[in-house]
Amino acid sequence: MTLTDTTLTDTTLTDTTLTDTVALAHVTSPHLKTLESEAIHILREVAGQFDRPVILFSAGKDSVLVLHLARKAFHPAPLPFSLLHVDTGHNFPEVLEYRDRVVAQGGLRLQVAHVQDWIDDGRLAERPDGTRNPLQTVPLVDTIAAEKFDAVIGGARRDEERSRAKERIFSLRDSFGGWDPRRQRPELWGLYNGRHAPGEHVRVFPLSNWTELDVWNYIEAERIELPQIYYSHQRDVFKRGGMWLAPGDWGGPKGREVIERRTVRYRTVGDMSCTGAVESTATDVRAVIEEIIATRITERGATRADDQLGEAAMEDRKREGYF
Amino acid sequence: MSTAAPTDVTDVDDTPVDVTSNNVTPVDVHELAAELTTSRRLLRFATAGSVDDGKSTLVGRLLHDSKSVLSDTLDAVERTSQARGLDTLDLSLLVDGLRAEREQGITIDVAYRYFATPARTFILADTPGHVQYTRNTVTGASTADLVVILTDARTGVVNQTRRHAAVAALLGVPHLLLAVNKIDLVDYDQQVFDAIAAEFSAYAVELGIPEVTAIPISALHGDNVVTRSERIGWYTGPSVLEHLENVDLADQSTTEAVRFPVQYVIRPRSDELPDYRGYAGRVTAGTVRPGDEIVVLPSGGRSAVQSIDTADGPRDLARAGESVTLLLEDDLDLSRGDLISGVADAPEPVTEFGATITLLAERPLRRGARALLRYGTSTTRVIVTSIDGLLDIDSLTYRPAPDALALNDIAKVTLRTADALPVEDYRPGGAVGSLLIIEP
Ligand SMILES: Nc1nc2c(ncn2[C@@H]2O[C@H](COP(=O)(O)OP(=O)(O)O)[C@@H](O)[C@H]2O)c(=O)[nH]1
């Protein structure tokens with residue numbers, strides 16, 4: 001397995017970006033403050049209970065928020081977690097640029113597991129439809145095992161999708177990364193139980209109780225920078241399966257599909273081959289919030305082709321060790 | 001459920017923000033966005049009831065009528081309802097989560113739902129109905145401000161109703177709401193409702209629950225769920241949602257002495273901050289200010305709070321529920337597991353104490369069992385030295401205890417720990433006085 005270390009900076013570096021951000025911060029809503037305190041509590045439990053924690057960092061808004069909260073939790077000390085990105089090889093260039101800049105400015109440690117490497121040496125085969133989102137599971141589980149990560153922190157929220165609604169905040173995974181919904185541990189009060197056998201690990205979801213609207217309201221209040229593709233811009237796109245896709249290294253229009261220039265934004269960042277743009281004129285956070293309230297279309301329903309495979313698709317992938 | 005067809009957002013209209021074409025009542029988006037961003041408090045509540053009492057329908061209706069359901073989700077529910085030959089929407093389909101549950105048609109695990117109204121933000125722990133899943137009721141209600149207990153108007157108060165109320169009482173949940181459902185099936189009869197409400201209130205008094213609100217509802221038809229029903233003219237109280245929006249959320253804990261379990265020690269060891277040593281944690285009770293005298297437990301070392309630090313800058317005070325970092329006047333070398341406490345009524349560290357526990361594991365817990373005990377942020381070894389009484393839900397008395405406890409049993413036990421722990425009485429919400437026994 002090849003893992004590239006994009007940036008390795010001395011961890012004693014104190015960073016300036018966080019202080020810049022927080023000088024402007026003003027979360028005043030009591031319920032956002034409650035959610036922030038809860039997330040910080042969870043992240044500190046991870047640092048207190050595990051030896052090798054890692055944050056899954058895709059530069060999507062939820063993982064950006066997890067990183068922001070984690071840095072607040074351990075301020076003024078450096079982040080006691082490293083970052084891991086499972087790169088499908090079909091990422092938006094703007095997102096990779098953002099990722100590398102945040103890592104460099106924050107003096108963070110990022111590992112990238114490239115799906116391409118698994119395809120190259122035959123551990124994975126490309127799917128006929130070219131979609132690589134489902135291929136992330138194996139590199140993720142392999143990397144967790146190889147690096148002996150014992151806590152894997154993700155940005156999933158319970159309101160995203162129905163099978164997630166039952167996920168614990170500390171969710172035990174077996175040595176194959178699998179999740180058994182019938183064998184979840186009880187999780188009472190704020191007593192998170194991180195005990196696990198050798199080879200097992202715990203997935204941790206500090207944003208469990210946040211909704212999409214909470215995330216955006218918090219991003220606005222804390223003035224958190226996101227990859228530009230979350231905001232309205234002009235882009236060449238073509239329509240496939242009811243979604244606007246952007247051509248790239250992964251491929252482009254086939255047959256009768258034609259490129260059109262549209263004013264769009266993305267609601268999630270992911271594999272370019274299956275992450276659709278939505279037409280939007282929302283150029284800032286406030287406009288995005290208003291758009292979310294107005295459209296009333298779920299994030300995954302609108303933009304992730306692979307989730308439309310079926311109602312139980314997410315649950316099946318989680319059993320296999322997907323995020 | 002069938003595969004959902006792709007939702008084509010781009011075909012809705014040329015303007016991406018078009019509320020009318022999604023069958024949503026036109027609203028002023030700026031206003032609604034402003035409303036949903038303003039200061040609101042969070043209410044955590046749990047729902048409990050026997051199978052088929054209509055819990056899923058109630059929750060689905062709350063989400064649906066408070067406009068928290070997104071249009072593509074609703075489309076899927078509509079298609080499935082039609083496929084099953086139903087002429088109305090089966091709102092329970094909104095909340096039946098996992099595939100196994102869908103196949104068996106029952107809810108088997110706590111599911112969390114989120115919705116907001118201009119008045120409040122809600123986190124709902126939807127807990128399963130079967131007797132064997134009482135452990136989920138415990139999980140769901142552990143941090144709840146309120147529990148909604150559902151009962152079928154035709155059967156009234158049953159064993160499960162009592163069990164759920166007893167669990168809520170043990171957990172110190174401040175508010176109980178009894179929803180008497182399917183009132184349409186008893187012809188909206190006031191006498192039926194009054195009798196059930198009276199029987200339940202009497203039981204609640206025995207449990208020491210200060211406040212019970214009973215509401216007659218029809219989850220299926222929407223009576224008294226979000227809006228008050230004209231069909232139930234004899235009832236003048238609030239609807240379920242109105243009650244959730246207005247129930248008193250008192251800050252009981254602000255007058256108490258401070259408790260602060262240390263989660264993690266923050267030591268940057270950088271050139272700018274060579275000696276910084278902060279204790280990271282969440283205030284679990286009381287209010288802390290710089291200058292406050294404190295005692296560290298179990299060691300007993302004394303000091304004072306030098307400052308309260310956060311990433312947003314120093315603070316003049318921190319209240320219960322807030323995650324902050326405390327810096328102390330003296331170098332006491334605390335670590336994870338220590339408790340920082342106010343000096344007034346600080347708990348005495350002990351190695352033997354009594355506890356009321358409920359068994360959440362399949363494996364029986366025997367007298368003499370050795371396990372790990374988690375209290376606050378500390379973990380130590382424990383022996384269950386005796387089982388002192390088993391709670392009988394009907395009589396609310398403790399019966400002579402067996403040698404072993406089974407799943408869902410609620411019992412009094414005596415515990416002996418390897419390390420002294422500053423245990424104290426349980427307080428509502430469980431931030432203080434709660435513990436876990438973890439079998440290795
Ligand atoms: N007539 C009537 N039927 C109801 C009412 N609420 C639920 N039901 C029906 O009772 C059955 C069980 O409801 P469900 O919500 O699945 O119950 P759960 O097992 O408690 O989640 C379903 O057939 C519902 O349509 C009600 O208020 N009136």
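How many of the 8 residues of helix H5 of chain B are buried? Keep that in mind as you load the model, which is a predicted one, and let's take a walk through chain B.

**The whole chain**

Start with a cartoon view of chain B. Its secondary structure consists of 8 helices and 22 strands. Of its 440 residues, 56% are buried. If you turn on a surface, you are looking at about 18,800 Å² of accessible area, and carbon and sulfur atoms hold 47% of that. A contact map is worth a glance too: among contacts in chain B with a separation of 6 or more, 68% join residues 24 or more positions apart.

**Helix H5**

Now select residues 134-141 of chain B. Here is the reply to the opening question: 8 of the 8 residues of H5 are buried, so the helix is largely enclosed by the rest of the structure. Show side chains and you will find B:Thr134, B:Arg135, B:Asn136, B:Thr137, B:Val138, B:Thr139, B:Gly140 and B:Ala141 as its buried residues. To see what they pack against, add strands S1 (41-49), S2 (111-116), S3 (120-126), S4 (146-152) and S15 (350-358), together with helix H6 (159-170).

**The ligand**

Next, centre on the ligand. There are 15 residues around the ligand, and those that come nearest are B:Asp52, B:Lys55, B:Ser56, B:Thr57 and B:Asp184. By character, the shell splits into 4 nonpolar, 6 polar and 5 charged residues. Colour helix H2 (residues 55-65) as well, since this helix gives the most to the shell, with 3 residues.

Three distances deserve a label:

- B:Asp52: a polar backbone atom lies 2.7 Å from an oxygen atom of the ligand.
- B:Asp184: an N or O atom in the side chain is 2.8 Å from a nitrogen atom of the ligand.
- B:Ala219: a backbone N or O atom sits 2.9 Å from an oxygen atom of the ligand.

On its own the ligand has 580 Å² of accessible area, and the protein covers 77% of it.

**A loop proline**

For the last stop, follow S15 onward and pick B:Pro364, in the loop between S15 and strand S16 (365-366). Is B:Pro364 buried or partly exposed? Its relative accessible area is 37%, which makes this proline partly exposed. Now select B:Leu405, which is 41 residues away along the chain; the two C-alpha atoms are separated by 5.4 Å. Beyond neighbours within four places in sequence, B:Pro364 is in contact with B:Leu359, B:Ala404, B:Leu405 and B:Glu439.

Notes:
Residues numbered from 1 in each chain as written. Chains lettered and ligands numbered in written order. Predicted model: local features only at pLDDT ≥ 70, side-chain atom pairs only at ≥ 80, totals over all residues. Heavy atoms only, no water. Buried < 20%, exposed > 50% of the residue type's maximum accessible area, 1.4 Å probe, protein only. Helix = DSSP H or I, 4+ residues; strand = E, 2+ residues; numbered from the N terminus. Contact = heavy atoms within 4.5 Å. Near = heavy atom within 4 Å. Polar contact = N/O pair within 3.5 Å; in protein donor to acceptor, adjacent residues only side chain to side chain. Areas by Shrake-Rupley, 256 points an atom, 1.4 Å probe, with all protein chains shown as cover. Nonpolar A, V, L, I, M, F, W, Y, C, P; charged D, E, K, R; others polar.
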